[in-house]
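Welcome! Here is a friendly walk through a structure that may be new to you. Take a moment to look at the picture, and then read on.

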Amino acid sequence: MRIPAALLAWLFVFLAASPGCKSDSPAPDAPDTTTAPPTPPVTPPASVLVGSSLIGEYSQATLASRVGDVPLVGALARLPIKVYKLTYTTQNTDGRSITASGAVLVPVTTQALPVISYQHGTIRPDDEDRAPSHYSQNSELWSAVSVLASTGYVVSAPDYIGYGSSKDLPHPYEHAASLASASADMLRATREFCKQQNIKVNAKNFLLGYSEGGYATMALHKLLEEKYASELPVTASAPGAGAYHKTAFAKYILNSDQPLNFLSTYVWVLDTYNRVYKLNRPLSAYFKEPYATQLQANPFGSVPSLPKQLFTDAFRQSVLTDSDPALLAAFRDNDIYDWQPKAPTALFHGTADDYVPYFNSQDAYKAMQARGAKQVELRPIQGGNHFTSVATYTLSAYAFITQY
């Protein structure tokens, strides 16, 4: 469906009210232009869908009322939608099979519709109600994404591991492989559910997400093209503001003399990698006192904004000099900037983002071009920080996928 420009303009005004940081890039490593051997496709299980339950059905008028501050946006909601919670099987970071969950938004129509896999941004464990399968007013799905579904897309929205049905497990924050596999299995469960319920879908799969969702989207795109190209072909992908270049990001943080107001989330990244890669080091290996002790008691407690006050000198030097092979391997395993996407890809990022610096998308664009990617675009959001860029990203990513 082609959306009139006037309505898109009004949508931008609405999204500008939605909640969601300028940084110099470190010199990135030269892209590795060697060609990796092809990854053999996986043989998927016969079924991943475990169960489904209807959350509710919402009329066009109801969806329009959620964007009531800008009445013309309601015109975008052309179809009622039904929202379901799905449970499905996926693998945890240790390879064990678990039950995960997510939400699927289904427009009520007899037309065959494309599918969007929508990867949400960071959710702290105490904000469990923001996970997609709760479909609460605090969820990213509630307003803009529901209106997007109502324009004619089935939306598959994974909770990820650590939320919804798997909330008793730790969320593997910024772990590429498990974000990708949980999202891919949710997408497979969505299509399985649609077949079971006689909901018509076509072969198109679009990938969207911002912040951690942007990182998850990039990881998902890479996984789908490498291992599920026949089953789940990517039509187009629009990741936003993801931390794709983990090795450069780590050096950027640990070399900074400026306050960084996102360091509490970086503590989470380190905790994830310490656990997932079985480094199993005490927090005192990473953090100075009293913060190591405080974080042991509360991993999400407040920390100073200056890296030199938080991180031990030995840890900082080991990262800056590449002298910690095990940790460096963990960072590199989560670098997802240097590969060759085949489907059209637009990298959106605010040029003044001081949560996830712009160089992450810039480095990805350069590396992908160097590998011969023909349909990758860098879409800078001029002057946008991590939060003010959300509206422009949502609008622009929507406009991008409508081309296909």
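## Helices that meet

In this predicted model, helix α4 meets helix α5 through A176, L179, A180, S181, S183, A184 and L187 on the α4 side, while α5 brings E212, Y215, A216, A219, L220, L223 and L224 to the contact. The axes of these two helices lie 8 Å apart, and the packing angle is about 75°. Angles from 65 to 115 degrees count as roughly perpendicular, so α4 and α5 are roughly perpendicular to each other.

A second pair to look for is α6 and α11. Their axes are 7 Å apart and make an angle of about 125°. How do α6 and α11 lie relative to each other? They are oblique, because an angle of about 125° falls outside the ranges for roughly parallel, roughly perpendicular and roughly antiparallel. On the α6 side the contact is made by K246, T247 and A250, and on the α11 side by L328, F331 and R332.

## Charged pairs

Now let us turn to the side chains that carry charge. Side chains of opposite charge can pair when their charged atoms come close. How many salt bridges does the structure hold? There are eleven. Three of them are set out here.

| Salt bridge | Closest N to O distance | Relative accessible area |
|---|---|---|
| R188 and E231 | 2.7 Å | R188 8%, E231 36% |
| K308 and D257 | 2.7 Å | K308 40%, D257 52% |
| R379 and E377 | 2.7 Å | R379 27%, E377 28% |

The salt bridge between R188 and E231 links distant parts of the chain, with the two positions 43 residues apart in numbering. R188 sits in helix α4 (residues 176-196), whereas E231 is in the loop between α5 (212-227) and β7 (236-240). R188 counts as buried because its relative accessible area of 8% is under 20%. E231, at 36%, is partly exposed. Both residues also belong to a network, in which salt bridges that share partners join D185, R188 and E231.

K308 and D257 form another salt bridge that links distant parts of the chain, 51 residues apart. Here K308 lies in helix α9 (residues 307-310), and D257 is in the loop between α6 (246-254) and α7 (263-276). Is D257 buried or exposed? With a relative accessible area of 52%, D257 is exposed, while K308 is partly exposed.

In the salt bridge between R379 and E377, R379 is partly exposed, and E377 is partly exposed as well.

## A buried charge without a partner

Find D335 in the loop between α11 (325-333) and β8 (345-350). D335 is buried, yet it has no salt bridge. Why does D335 have no salt bridge with R332? R332 is the nearest side chain of opposite charge, but it is 5.7 Å away, and a salt bridge needs the atoms to be within 4 Å, so the pair does not count. Leaving aside residues up to four places away in sequence, D335 touches Y244, H245, K246 and T247.

## How confident is the model?

The mean pLDDT of the chain is 90, and 88% of its residues reach 70 or more. Some stretches call for more care in reading. Over residues 1-7 the pLDDT is below 50, and this stretch has eleven contacts in the model beyond near neighbours in sequence. Residues 12-36 also stay under 50, with 50 contacts beyond four places in sequence.

Definitions and conventions. Residues are numbered from 1 along each chain as its sequence is written. This is a predicted model: local features need pLDDT of at least 70, side-chain atom pairs count only at pLDDT 80 or more; totals for chains, interfaces and linings use all residues. Side-chain values use heavy atoms; hydrogens and water are left out. pLDDT is the predictor's confidence in each residue, from 0 to 100. Contact means heavy atoms within 4.5 Å. Helices (H or I, at least four residues) and strands (E, at least two) are DSSP runs, numbered from the N terminus. Buried means under 20% relative accessible area, exposed over 50%, partly exposed in between (1.4 Å probe, protein chains only). Lys and Arg count as positive and Asp and Glu as negative; His and the chain ends are not counted. Axes are lines fitted to C-alpha atoms, for helices over the stretch in contact, and angles run from 0 to 180 degrees between N-to-C directions. Angles under 35 degrees count as roughly parallel, over 145 as roughly antiparallel, 65 to 115 as roughly perpendicular and the rest as oblique.
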